[in-house]
Amino acid sequence: MCGIAGYIGNQQAAPIVLDGLSRLEYRGYDSAGIAVFDGERIRMAKAAGRLSVLEKLTDSGRALPGFCGIGHTRWATHGCPSDENAHPHMNQENTIAVVHNGIIENYRKLRAKLEKKGYVFSSETDTEVLAHMLTEYYRGDPVEAIEKVLHRVEGSYALGIMFLDHPHHIYAARRDSPLIVGVCGEGKFIASDVPALLEHTRTVYYMENEEIATLSDEHIRFYSIDGELLSKEPVTVEWDVSAAQKDGYAHFMLKEIYEQPKALRDTIFPRLKGDRIDLEDLGLSEEEIRRLSRITIVACGSAWHAGVTGKYVLEELARIPVETDLASEYRYRNPICEPDSLVIVVSQSGETADSLAALRDAKARGSRVLAIVNVVGSSIAREADSVFYTNAGPEISVATTKAYSCQLAAFYLLAAKFALVRGTIDEARAKELLSSLKKLPDQVQELLSAPDELSFLANRYLAADHVFFMGRGIDYAVSLEGSLKLKEISYIHSEAYAAGELKHGTISLMEEGTPVIAVATSDRIYPKTLSNIVEVKTRGASVLALTTPDHRDLSQVADHVLFVPKTDPLFMGSLSIVSLQLLAYYVSLGRGLDVDKPRNLAKSVTVE
């Protein structure tokens with residue numbers, strides 16, 4: 001959830017570390033700090049609030065000279081946002097500095113033991129335990145001390161560490177929280193995510209679980225948690241530097257909404273070979289696809305909403321039973337993994353803690369795991385049996401847009417391929433599906449060419465306390481995601497319901513002026529959804545409806561109607577969601593909020 005950046009080389013460290021943190025601020029932004037070796041001692045500066053506070057405090061890093069430094073942006077887990085709780089944390093002698101992402105689950109027990117030995121704590125965090133434990137075990141060899149500490153802690157961590165006795169070194173370690181090492185001519189880097197490095201290098205090493213790294217002016221070395229020297233090959237990051245910048249847009253979210261046509265093309269078209277879908281790189285043979293007895297889709301948040309749509313599409317086309325499971329529930333509910341079952345784990349970052357744990361659980365139970373992820377080299381990508389990369393490029397805004405759309409496209413491709421292999425659709429239907437898929441990017445582009453109406457309609461929701469979304473089938477899945485977008489960036493309480501369920505309780509909340517957003521794009525069940533819209537209108541609700549041009553009669557019922565282009569009914573969610581993304585964006589903007597950094601949220605949820 002937090003962000004780590006570190007640098008050692010021939011340039012001043014502090015400005016480089018602060019720049020790296022600025023590119024990671026979407027991972028945590030309630031406090032920030034930096035530690036730099038200035039030639040004699042480790043100097044530290046940290047402050048509650050956004051990174052800009054720390055930048056001002058350090059004169060953009062110029063007040064902290066030195067060629068070796070580590071920094072951190074925090075998303076609070078233990079202790080409120082404050083100067084004291086901000087990272088880095090140091091030992092009492094100010095000879096060891098630590099930055100940490102993750103949670104040390106047994107920190108209370110460890111802290112009690114240290115306090116009995118006379119160690120004094122100055123913060124409420126679990127991380128400070130690590131600084132004092134390193135002091136306890138340090139006998140001149142940093143790697144040995146780190147190994148001893150890591151054998152005694154429980155939980156997740158990505159660590160950046162500096163020792164005053166080894167002034168031209170940075171030490172790093174990870175377990176269940178991402179950390180990468182970068183290298184170029186000007187120096188070496190550590191970071192918790194790729195965007196922090198793109199300005200300087202695309203040559204990186206992905207650290208595996210329970211690995212330790214040492215970075216110095218001369219070398220990079222990797223060790224196991226037991227001290228075994230490891231051999232590791234660097235990889236090249238293909239992302240463009242500009243993809244992690246705003247490029248003139250007011251917010252990353254708006255930029256990423258407008259990048260959806262390109263992201264969809266980059267996800268769909270590499271998988272098409274003429275008139276067929278090529279998924280050979282997934283390593284699933286046609287015989288294995290035919291034998292599939294069940295699919296379980298496991299994900300969190302928006303990725304789970306994509307999975308809800310995936311369930312509808314897979315079952316409709318491939319006629320395979322599909323379950324959708326929240327990863328945080330799956331990992332604790334003792335799930336049944338049948339022979340010839342497939343678990344699909346969906347995650348933008350590939351580091352989502354609950355999803356990663358679910359993946360490991362599914363593999364331990366004998367299931368094959370297919371990952372749909374956006375980040376090459378991420379933990380979920382490395383540990384899954386097969387990987388479907390979504391090619392959305394860097395997604396910086398906390399509220400996902402283009403990655404979600406690409407996850408939908410991945411499910412469409414999988415469903416169509418599985419269906420054709422299993423004989424549940426014929427070649428003619430397959431060609432219809434491919435034709436619709438190829439048109440999706442241009443249809444999204446068409447929707448994005450006229451945002452003014454949505455900007456105007458957003459004004460109706462600026463003072464709303466509650467908003468209800470409703471739909472049936474795939475329209476319900478879209479409603480779930482549209483509701484989440486609105487609540488996470490506008491802070492308006494919002495709920496999504498299957499339209500047919502409203503009368504089973506929720507309709508009691510309808511009164512004069514209650515805002516309702518109804519998604520009604522499905523021709524097959526349009527009359528049913530129309531009846532539900534009439535029901536809430538009868539009770540005074542104010543209805544904004546999304547539908548296709550075939551249903552202009554909806555204008556006689558709803559207060560406002562937005563029209564989206566038609567595509568194959570199974571793919572309509574890819575068009576409906578664009579309008580709901582823009583609506584949420586303009587509502588948040590109208591309420592004067594920070595669209596890219598909603599309160600209490602961070603981009604990559606790497607802790608439980």
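A residue counts as buried when its relative accessible area is under 20%, as exposed when it is over 50%, and as partly exposed in between. The exercises below apply this cut-off to a predicted model.

**Exercise 1. Determine how far helix α11 is enclosed, and by which elements.**

Solution.

Step 1. Establish the geometry. Helix α11 covers residues 353-364, twelve in number. From first C-alpha to last, α11 spans 17 Å, close to the 16 Å expected at 1.5 Å a residue.

Step 2. Apply the cut-off. The residues of α11 under 20% are Ala353, Asp354, Ser355, Leu356, Ala357, Ala358, Leu359, Asp361 and Ala362.

Step 3. Draw the conclusion. Because nine of the twelve residues of α11 are buried, the helix is largely enclosed by the rest of the structure.

Step 4. Identify the surroundings. The packing partners of these buried residues are the strands β18 (294-299), β20 (341-347) and β21 (368-373), together with the helices α10 (327-330) and α12 (379-383).

Step 5. Inspect the end of the helix. Gly366, just after α11, has a positive phi of about 100°.

**Exercise 2. Describe the cover of helix α5, then place Val153 in its surroundings.**

Solution.

Step 1. Count the buried positions. Seven of the nine residues of α5 (142-150) are buried, and the helix is mostly covered. The seven are Pro142, Val143, Ala145, Ile146, Glu147, Val149 and Leu150.

Step 2. Name the cover. Among the elements over these residues are helix α4 (127-137) and the strands β7 (157-163), β8 (166-175), β12 (211-216) and β13 (220-224).

Step 3. Move on to the loop. Val153 lies between α5 and β7. Its relative accessibility is 4%, so Val153 counts as buried.

Step 4. List the contacts. Setting aside residues up to four places away in sequence, Val153 touches Ile104, Asn106, Leu110, Leu130, Met133 and Arg175.

Step 5. Compare sequence with space. Tyr107 is 46 residues from Val153 along the chain, yet their C-alpha atoms are 7.6 Å apart.

**Exercise 3. Is Glu25 buried or exposed, and which residues does Glu25 contact?**

Solution.

Step 1. Locate the residue. Glu25 belongs to the loop between α1 (13-22) and β2 (31-37).

Step 2. Classify it. With a relative accessibility of 8%, Glu25 is buried.

Step 3. List the contacts. Beyond its neighbours within four places in sequence, Glu25 is in contact with Arg50, Leu51, Thr73 and Lys597.

Step 4. Examine a separate pair. Val564 is 539 residues from Glu25 in sequence, and their C-alpha atoms are 35 Å apart in space.

**Exercise 4. Analyse three salt bridges by distance, position and burial.**

Solution.

Step 1. Set the context. The whole structure holds 38 salt bridges. The criterion is a side-chain nitrogen of Lys or Arg within 4 Å of a carboxyl oxygen of Asp or Glu.

Step 2. Take Asp19 and Arg23. Their side chains form a salt bridge with an N to O distance of 3.0 Å. Asp19 is partly exposed at 24%, whereas Arg23 is buried at 17%.

Step 3. Take Lys485 and Glu488. The closest N and O atoms of this salt bridge are 2.7 Å apart. Because the two residues are three apart in helix α16, about one helical turn separates them. Both Lys485 and Glu488 are buried.

Step 4. Take Lys566 and Asp550. These side chains meet at 2.8 Å, N to O. Lys566 lies in the loop between β27 (560-563) and α18 (573-590), and Asp550 in the loop between β26 (542-547) and β27, so the salt bridge ties together parts 16 residues apart in sequence. Lys566 is partly exposed, with a relative accessibility of 35%.

Step 5. Extend from pairs to a network. Through shared partners, salt bridges join Glu286, Glu287, Arg290, Arg291 and Asp340 into one network.

**Exercise 5. Characterise the second largest pocket by volume, lining and chemical character.**

Solution.

Step 1. State the volume. The second largest pocket contains about 370 Å³ of space.

Step 2. Describe the lining. This pocket is lined by 16 residues, and those nearest its centre are Ile474, Ser522, Arg524, Pro569 and Leu570.

Step 3. Assign the lining to elements. Those giving two or more residues are α9 (301-318) and α16 (474-490). Helix α9 supplies the largest share, three residues.

Step 4. Sort by character. The lining comprises six nonpolar, three polar and seven charged residues.

How values were computed. Residues are numbered from 1 along each chain as its sequence is written. This is a predicted model: local features need pLDDT of at least 70, side-chain atom pairs count only at pLDDT 80 or more; totals for chains, interfaces and linings use all residues. Side-chain values use heavy atoms; hydrogens and water are left out. On a 1 Å grid over the protein atoms alone, a cavity is a set of points where a 1.4 Å probe fits but cannot get out, and a pocket is an open set with protein on both sides within 12 Å along at least five of seven lines; lining residues have an atom within 4 Å of a point. Grid points are joined across faces, edges and corners, and a volume is the space filled by probe spheres set on the points. Helices (H or I, at least four residues) and strands (E, at least two) are DSSP runs, numbered from the N terminus. Ala, Val, Leu, Ile, Met, Phe, Trp, Tyr, Cys and Pro count as nonpolar, Asp, Glu, Lys and Arg as charged, and the others, Gly among them, as polar. Buried means under 20% relative accessible area, exposed over 50%, partly exposed in between (1.4 Å probe, protein chains only). The expected span of a helix is 1.5 Å times one less than its number of residues. Contact means heavy atoms within 4.5 Å.
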